[in-house]
Amino acid sequence: MRVMLSWGLPAGVVAGCVGYLIYTASGGSAEYYVTVSQLRANAPAGDVRVAGVVQNDVQKSDGGLHITFTEKDGTASMPVEYTGTVPDIFKPGITVVAEGRLGSDGVFHARTLLAKCPSRFSTQPYTQ
Amino acid sequence: MPVALLDAALHAVILGYLGAGALLAGLVMGGFSALLSFWSGWRENETLVRVGRRAFYAAAAMTVLAGVILEAALLTHDFSLAYVAEHTDLSTPIALVAAGFYGGQEGSLLYWTLVLALLGSASLVASARLGARLAAYAAGVLAAILAFFLFVLAVVASPFDLLSITPPDGLGLNPVLRDGGMLIHPPVVLAGFASFAIPFSFACAALLAGRADSAWIMHTRRFALLAWSLQSMGLLLGMWWAYHVLGWGGYWGWDPVENVALMPWLATTAYLHSSQVQEQRGRLRAWNFGLVITAFLLVVFGTFIVRSGVVPSVHTFAVSAIGPWFLGFLAACMIFSAALLAFRSGAIAVAKEAAPPLSREGAFVLQNLLLIGLVAVVMWGTILPLVSGLAGAERVVGAPYYERAAAPLFAVILGLLAVGPLLPWRQAGGPTLRALRWPAVAAAAVLVVTLVAGERSIGALVAIPLAAGAAATVLTIFARAARKPQVLVRRRRRYGAYLAHLGLVVVVVGIAASHFWQQEKDVTLAPGQQVSVAGYTLTYIGSDQRQLADHTEFGAVMRFGDQTLEPSRATYAGLGGQALTHVAITTTPVADVYVVLAQANEDGSASFRVFVNPLVTWIWAGGAIIILGVVLGNVGQRIPVPELARRRQTVTLPA
């Protein structure tokens, strides 16, 4: 019984603290991960991450540090605006995840832009 | 048909079928070894136990053969094998062709299996001294795991699949991966994962055999240390690679793929410490079983996450048919080990008086609980997209979540790093508290200096002084030992561990400094213009364009003091215009100046992102100190003979 007690008390305290940390941290910083159509249908408050395919209208300005392009999934599309260095593999046709929020002007202001890394190792499957 | 063509075709057929045959033979031997080992262990038939063990060696030999065949096919550019054609080409440098072995899904699985087979064999060689039953069950669990991997390799994802038409050239490696880091990071990570199967197997065997003593811990100590060292190196090499190649100025992004490598490391770290408590004081028996099992389940979970693509990650891995198989394997391992623990741990827990909270044991227990708490934090962040996706809207967390939830736990662990080593076993008294004065003085002094220097962020004000305290603790211990130098040799395992502590402190300082004090600036410069970041001034000289075999390279030249920095950007036409950044990094005593070329413009100007990253080199140096500590403390150490040394203490429970 004393073994249980000596273990239970610190374990309970640590578990409580960890639970509290997880709860407050994820409550404050969890973002919705949506597609362009979902964002168009119902934009959640706060920052979101939107996955979609980069269309063939990438415009760079300010020495390549400011870009605009259209991000599209199956049915819906939206203009995206971003300032900063773009990922190496960024180009029309790849899937990107833009993190930011949809402005009242209808433009998505991205804070970060993540490109899906090429599959760790293979380029593309060999088509026979 | 010309003879040469016939030869080539025959060669291909032989390599492909020989490899597949080796895998199948290995699978049969592995399955046989598992069944025979469990049965003979149950019957305590020593002859059959030996046979079961030899069947494991045979399966291992077949795995080695398959590995040799795949490597031979890669080095001879045998493009009739789909795996060779998809991951290498004729222009790839030979070292990277050889690295193609673990560069793809199937090959990396074969590499995993190979490490498991070799280390598993090594762990079984001297296992007879543990007693027939424990040795047999350990061979059985290892063989079952090996057979699972060989099954996946032989049936689901074979590296020996043949193409119907042999292409003249292969596809080659993605340029992001054509890098020296590619040669070393994946094999170290995978070996670190695979080697933890050995402590897991012996822990399960001890539970199955009803052995509550510490023989399994001593027998697998080296494998646990090897697994931990490889996992540590793997994490640091991954960070190093990301920092030098990916060009975003950082080294850790809390991506699911990084997280699943971190979690087993945290659990293994906890185990290395709690197994000390069992060896020294005979406590925490059930907890150790639980930890080893948790660490291995985290390895399998990580493999599943990485290979199945079920959570959104920046790394999209080739999503393949092996995902469901690994999920099944994970479920089987969880049910098996949960049942084992449920039926056996009650009998194994040895009732002892509660440890006083202010003691070495108390510090170890708290450190373990906090590490497991960290695993819970990272796990929740990693699986949140899955959990929330099932409940409706998919949600993700980024770096802010991990920083908020994990930082307090890391801070307390850092505090324990400063206090724990100076606490005696059993009970701390007055002399101990006096011993803690040097770490306290060091922490207070550094806190004052940091405050005077104008730092106001809570994180830095907690992390840096605590790191100083932890360093002072290690130095105190070494100063004490220096009075009796022979102690350093006699107890070198312990002093090696303290050296590793010091290495960890150096890593922590590097991470804290580069996290809290990183500066960055985006800038477009005409030739001759200067930019200043954090007091470092760079002058842009000009840029040029070079046309190389398979890519175009834009290079910029910058002057930094008397050094020249050449960040560049390559574009690969063959890969649909994919770009590849070459970061220019120069290291000064206190910071890295890290320059990324964003774009070279028509008018001769160029755009850059410049980072100043303080003390990043400390992270790599600290990693080297950690490994040095492990090596100095353990290599060449006499292997203890658990059965003979501990025979009288052996507690055998009814099986």
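B:Leu183 sits in helix α7 of chain B, which covers residues 180–195. I should state at once that we are looking at a predicted model. Is this leucine, B:Leu183, buried, exposed or partly exposed? The count of other C-beta atoms within 10 Å is 14, and a residue needs 20 or more to be buried and 12 or fewer to be exposed, so B:Leu183 is partly exposed. Once its neighbours within four places in sequence are set aside, B:Leu183 makes contact with B:Ala95 and B:Ala99. B:Val49, by comparison, lies 134 residues from B:Leu183 in sequence, and the two C-alpha atoms are 39 Å apart in space.

Let me turn to helix α13 of chain B, residues 360–391. This helix has 32 residues, and at 1.5 Å a residue they should span 46 Å. The C-alpha atoms at its ends are 44 Å apart, which agrees with that expectation. The axis is nevertheless not straight throughout: α13(B) bends by about 55 degrees at B:Ile383. Within four residues of that position there follows a proline, B:Pro385. As for its surroundings, α13(B) is mostly covered, with 24 of its 32 residues buried. Just after the helix comes B:Gly392, whose phi is positive, at about 135 degrees.

Next, the nonpolar interior. Which residues have the most contacts inside the largest nonpolar core? They are B:Ala205, B:Val377 and B:Ala467, in a core of 214 residues. The element that gives the most to this core is helix α6 of chain B, residues 132–156, with 20 residues. A second core, separate from this one, has 22 residues, and B:Leu525, B:Met558, B:Ala584 and B:Val596 are among them. To return to B:Ala467, its partners beyond four places in sequence are B:Leu414, B:Val505, B:Val508, B:Val509 and B:Ala512.

I now come to a strand pair in chain B. Strand β3, residues 530–533, and strand β4, residues 536–547, run antiparallel and are joined by four bridges. One of the bridge partnerships links B:Gln530 with B:Thr539 in β4(B). The two strands form a hairpin with two residues between them. In that turn, B:Ala534 has a positive phi of about 50 degrees.

At the level of domains, chain B is divided into domain 1, residues 1–175, and domain 2, residues 519–614. How many ångströms separate the centres of domain 1 and domain 2 of chain B? Taken over C-alpha atoms, the separation is 44 Å.

Finally, the two chains as wholes. Chain B has 655 residues, of which 52% are buried, and its secondary structure comes to 21 helices and eleven strands. Considering contacts in chain B between residues at least 6 apart in sequence, 74% join residues at least 24 apart. Chain A has 128 residues, and 35% of them count as buried. Its secondary structure consists of two helices and seven strands, which follow the pattern α-β-α-β-β-β-β-β-β along the sequence. For chain A, 44% of the contacts between residues at least 6 apart in sequence join residues at least 24 apart.

Key. Residues are numbered from 1 along each chain as its sequence is written. Chains are lettered from A and ligands numbered from 1 in the order in which they are written. This is a predicted model: local features need pLDDT of at least 70, side-chain atom pairs count only at pLDDT 80 or more; totals for chains, interfaces and linings use all residues. Two residues are in contact if their C-beta atoms, placed from the backbone, lie within 7 Å. Two strands pair if DSSP finds at least two bridges between them. A nonpolar core is a set of buried Ala, Val, Leu, Ile, Met, Phe, Trp, Tyr and Cys residues joined through C-beta atoms within 7 Å. Domain bounds come from an automatic or database domain assignment. The expected span of a helix is 1.5 Å times one less than its number of residues. The bend at a residue is the angle between axes fitted to the seven residues ending there and the seven starting there.
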